[in-house]
Amino acid sequence: MPIVLGGTRRTRGKEGEYEFVSRTGAKFSVPKLTADDVAAICDQDRYLLADVPLQEILSFINRAGKNWRSGEYPRRILYVQQLQDILGYSEKAANAEADRIAILLNSHARMYDLIDAELGSRYIVDSWVPREEGYVRAFPRGLALHILPGNVPLSSALSLVRSLITKNVSVAKVGSTDPLTATALAMSLVDIDATHPVARSMSVVYWEHDSPEGLRITGSADAVCAWGGQEAIAFARRNAHDDAAVTCFGPKHSMALVDASVDPAEAARGLAHDVVIYDQQACFSMRRVFV
């Protein structure tokens, strides 16, 4: 698996790599970060997207989504095959996951709605908007580190897309259980135009827990989005800079409420679906059911 630095692809030989064996028994490796790699990430232009109009960013993402919709897109074909070979997905489940990513990337109208709902105006990332007795504008934080989950691939894509539409430069730290999704997404942006600021604003890397490289990147980030269990959350909070914004998604535990008056067979089928999806590893895979 390659790492991606600012929209460029990096692959190496066997020396100096992290080596893994997946749940299917497949062997794969991820290059280790060098001091030069870390410097390139920490010293990059953190406001690369600040002056790029939101409409241009959404249009770029939408073009990538159109590629993802095509069953003949080589990167989608590779991603679907890797989901099967490395993560153990069935062909149908792998294609469904690729479809979800395509739908996300093509949801430009919903992204406007998302910004409007959460930031108060769909124009706020591009210009000053009136609010009460003044004018306000949303500026990017700068370098946003995403400590990504390994259980739900779509969550990785969602985290990175939200970072793009708020004009942040993103560093995705993938987990060993899903080194695929963030890399495929970043390279699909490169496929559109490797020189465009959107493609250049994405890096995808891996490091071992408490490695010097990971500590430096985390301490240099202006914002950290941490997904996963208690260990990942604690790492983000412990090592982020004092002025960094830290947003945590997890750990979560879900429960289900079943109305005893509904058709039992229908309720059982719906409950079984929610329990088993993503191999019972998703945050919405409930462990407790109340009837």
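No disulfide is present in this predicted model, a disulfide being counted where a pair of cysteine sulfur atoms lies within 2.5 Å. The sulfur of Cys42 is 17 Å from the closest cysteine sulfur, that of Cys225, which is too far for a bond, and the sulfur of Cys248, whose closest cysteine sulfur is also in Cys225, lies 9.0 Å away and is likewise too far for a bond. Cys42 counts as buried because its relative accessibility is 8%, whereas Cys248, at 23%, counts as partly exposed; here buried means under 20% relative accessible area, exposed over 50%, and partly exposed in between, with a 1.4 Å probe and protein chains only.

Residues are numbered from 1 along each chain as its sequence is written, and side-chain values use heavy atoms, with hydrogens and water left out. Local features need pLDDT of at least 70 and side-chain atom pairs count only at pLDDT 80 or more, while totals for chains, interfaces and linings use all residues.

Strand β8 (residues 169-173) is mostly covered, five of its five residues being buried; helices (H or I, at least four residues) and strands (E, at least two) are DSSP runs numbered from the N terminus. On one side of β8 the buried residues are Val169, Val171 and Lys173, and on the other they are Ser170 and Ala172, so that both faces are covered by the definition of burial used here. Strand β7 (residues 143-147) pairs with β8 in the parallel sense over five bridges, pairing requiring that DSSP find at least two bridges between two strands, and within this arrangement Leu145 stands opposite Val171 in β8. From β7 the chain crosses through helix α6 (residues 153-165) to β8 in a β-α-β crossover that is right-handed, meaning that, with the strands pointing away from the viewer, the path from the first strand over the helix to the second runs clockwise. β8 also pairs in the parallel sense with strand β9 (residues 202-205), over four bridges, and Lys173 stands opposite Val205 in β9.

Helix α6 also holds Ser156, which counts as buried because its relative accessibility is 2%. Leaving aside neighbours within four places in sequence, Ser156 is in contact (heavy atoms within 4.5 Å) with Leu148, Pro149, Asp178 and Thr181.

The largest nonpolar core, defined as a set of buried Ala, Val, Leu, Ile, Met, Phe, Trp, Tyr and Cys residues joined through side-chain atoms within 4.5 Å, has 82 residues, and those with the most contacts inside it are Trp68 and Ile217. Helix α7 (residues 181-192) gives the most to this core, with eight residues. Beyond its neighbours within four places in sequence, Trp68 is in contact with residues including Tyr73, Arg76, Ala184, Leu185 and Ser188.

The structure holds six aromatic pairs, for which rings of Phe, Tyr and Trp (its six-membered ring) must have centres within 6.5 Å, with planes under 30 degrees apart counted as stacked, over 60 as edge-to-face and the rest as tilted. Among them, Phe20 and Phe28 form a stacked pair at 5.3 Å centre to centre with 25° between the planes, and both residues are buried. Trp227 and Phe249 also form a stacked pair, at 4.4 Å centre to centre and 20° between the planes, and this pair links distant parts of the chain, with Trp227 in strand β10 (residues 223-227) and Phe249 in strand β11 (residues 245-249), 22 residues apart. Trp227 counts as buried at 15% relative accessibility, whereas Phe249, at 29%, counts as partly exposed. Ring pairs further link Tyr18, Phe20, Phe28 and Tyr206 into a cluster.
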